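Student: I've got a structure open and I'd like to talk through its side-chain contacts. Can we go step by step?

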Amino acid sequence: IQADGTDGNCVTFVLHDEDHTLGNSLRYMVMKNPDVEFCGYCITHPSESKINFRIQTRGGLPAVEPFRKGLNDLMGVCQHVLNTFEVRHSWGAQG
């Protein structure tokens with residue numbers, strides 16, 4: 001974690017062994033928060049498997065809060081998709 005401000009409202013998180021799959025999905029989830037002023041990510045270099053994920057918030061909200069919420073919300077969406085797939089897949093196999 002690299003914090004630019006002393007209050008922690010503008011932070012760059014370095015995520016290792018990740019790419020656009022997580023970066024774009026997480027960016028979408030974090031931007032749903034109205035207290036997030038900016039959220040973006042970049043791939044540092046094609047030969048490196050890490051992304052820089054930057055969040056800037058307003059109103060004194062620590063950037064780590066929408067980061068954690070975005071990760072939890074994304075895990076919830078993924079679990080819902082998996083459950084739906086498993087239910088429909090098992091139903092199709094029986095019918």
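Tutor: Sure, let's begin in a helix: Lys 69 and Asp 73 sit 4 residues apart in helix α2, a separation of about one helical turn. Keep in mind that this is a predicted model.

Student: What is the N to O distance in the salt bridge of Lys 69 and Asp 73?

Tutor: The cut-off for a salt bridge is a side-chain nitrogen of Lys or Arg within 4 Å of a carboxyl oxygen of Asp or Glu. Lys 69 is partly exposed at 46% relative accessibility, and Asp 73 is partly exposed too, at 29%. Their side chains meet in a salt bridge, and the N to O distance is 2.7 Å.

Student: How many salt bridges does a search of the whole structure find?

Tutor: Besides the helix pair, Glu 48 forms a salt bridge with Lys 50, with the closest N and O atoms 4.0 Å apart. Glu 48 is partly exposed, its relative accessible area being 37%, and Lys 50 is partly exposed with 22%. For the whole structure, the number of salt bridges found is 2.

Student: Lys 50 belongs to β4. Which residues of β4 point to the buried face?

Tutor: Side chains alternate along this strand. Lys 50, Asn 52, Arg 54 and Gln 56 point to one face and are not buried. The other face holds the buried ones: Ile 51, Phe 53, Ile 55 and Thr 57.

Student: Which residue of β4 is the bridge partner of Val 11?

Tutor: β2 and β4 pair in the antiparallel sense, over 7 bridges. Val 11 falls in β2, as that strand covers residues 10-16. Its bridge partner in β4 is Ile 55.

Student: And on β3, which residue of β4 does Phe 38 pair with as bridge partner?

Tutor: β3 covers residues 36-43 and runs antiparallel to β4, with 7 bridges joining them. A hairpin through 6 residues connects these two strands. For Phe 38, the bridge partner in β4 is Gln 56.

Student: Now the rings. What is the angle between the planes of Phe 13 and Phe 67?

Tutor: There are 2 aromatic pairs by count. Phe 13 and Phe 67 form one that is stacked, 4.0 Å centre to centre. Planes under 30 degrees apart count as stacked, and here the angle is 5°.

Student: How many residues apart in sequence are the parts that this pair of Phe 13 and Phe 67 ties together?

Tutor: Phe 13 is buried with a relative accessible area of 4%, and Phe 67 is buried as well, at 9%. Phe 13 lies in strand β2 and Phe 67 in helix α2 (residues 64-94), so the pair links a strand to a helix. In sequence, the parts tied together are 54 residues apart.

Student: Why is the pair of Phe 53 and Phe 67 called tilted?

Tutor: Stacked needs planes under 30 degrees apart and edge-to-face needs over 60, so whatever is left is tilted. The ring centres of Phe 53 and Phe 67 are 5.9 Å apart and their planes are at 50°, so this pair is tilted.

Student: Which residues do the ring pairs link into a cluster?

Tutor: Phe 53 lies in strand β4 and Phe 67 in helix α2, so their pair ties together parts 14 residues apart in sequence. Phe 53 counts as buried, at 0% relative accessibility. The cluster linked by ring pairs is Phe 13, Phe 53 and Phe 67.

How values were computed: Residues numbered from 1 in each chain as written. Predicted model: local features only at pLDDT ≥ 70, side-chain atom pairs only at ≥ 80, totals over all residues. Heavy atoms only, no water. Phe/Tyr/Trp six-rings, centres within 6.5 Å; stacked < 30°, edge-to-face > 60°. Buried < 20%, exposed > 50% of the residue type's maximum accessible area, 1.4 Å probe, protein only. Pairing = 2+ DSSP bridges.
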